[in-house]
Amino acid sequence: MNAPEVSGTGAVGAERHVSGEPDAPVTVVEFGDLECPYCRAAAPVLRRLVQGSDGQVRLVWRHFPLFEVHPHALTAALAAEAAAEHGLFWAMHDRLFAHQDRLTDADLRGHARALGLDPDQVAGDGAQRHAPAVEADYLAGLAAGVRATPTLLVGHQQLHGLVDLDTLRAAVRTVLDGAGTPHPDGATPAGGAPAEFPGGVPAEPPPGPQPVQLGLRPPDGDACGTMER
């Protein structure tokens, strides 16, 4: 099935949503789905990782809505992007995780009002202008080999599913010990090794919608939406 068509001019920068020190030496990139229960479970673990890192780790969120498994994942991502325009991405991110059973358009309008946002810009047609940003993240995830949520890129390591704090800290130590830190757009800092997971989209993508063929099955194991190969 083709991914939903998109239109509009929403921002598509790879590092739109950052938690932690902007210049932290280690970047953890999360490809996540706001309707995924495993992403919700990972959120407090990632928060502890960032907050307990003494400025060494930052988290970058990128959308990977598994729209065939989670019917509200795409509109939830659009709502989060709309909130981001007002500096409230993480507030909406946390609120949607806290209310994963309330993600219909009517619910999203209620979440918007709770955050002091215009409901018409967070749900329905008003949110569609953010679709290019969500699609850019999604395509970047496919290019990086993402097949389930959450998927975490830590340096050259790819972790997915229920990851514990000790595992994450070990991955961070590997990066700090000199493995190199690929950026979310696939670039690698000077002196670093080539990015094993090039998560970016072209600087000038072809015009128009980018159809993506998916073969998703229901959640299995410890992650959502693992693809059949």
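In the next few minutes I will go through the fold of this chain, from its overall make-up to its sheet and one helix that packs on it.

Please keep in mind throughout that what we are looking at is a predicted model. The chain contains seven helices and five strands, and if we read along the sequence, these elements come in the pattern β-β-α-β-α-α-α-α-α-β-β-α.

Let me turn to the sheet, which is open, is built from five strands with mixed pairing, and has the strand order β1-β3-β2-β4-β5. The edges are taken by β1, residues 18–19, and by β5, residues 157–160, and because each of these has a single partner strand, one side of each is left without a neighbour in the sheet. Elsewhere in the sheet, strand β2, which covers residues 26–32, pairs with strand β4, residues 151–154, in the antiparallel sense and over four bridges; as a point of reference for the register, Val29 has Leu153 in β4 as its bridge partner. Packed on this sheet we find helix α3, residues 89–98, which touches both β1 and β3, the latter being residues 57–63, and whose direction makes about 70° with that of β3.

Finally, some totals for the chain, for those of you who think in terms of contacts and surfaces. Of the contacts with a separation of 6 or more, 75% are between residues 24 or more positions apart. Buried residues account for 46% of the 229 residues in the chain, while the accessible surface comes to about 10400 Å², with 51% of that area belonging to carbon and sulfur atoms.

Definitions and conventions. Residues numbered from 1 in each chain as written. Predicted model: local features only at pLDDT ≥ 70, side-chain atom pairs only at ≥ 80, totals over all residues. Heavy atoms only, no water. Pairing = 2+ DSSP bridges. Helix = DSSP H or I, 4+ residues; strand = E, 2+ residues; numbered from the N terminus. Contact = heavy atoms within 4.5 Å. Axes fitted to C-alpha atoms, helices over the stretch in contact; angles between N-to-C directions. Buried < 20%, exposed > 50% of the residue type's maximum accessible area, 1.4 Å probe, protein only. Areas by Shrake-Rupley, 256 points an atom, 1.4 Å probe, with all protein chains shown as cover.
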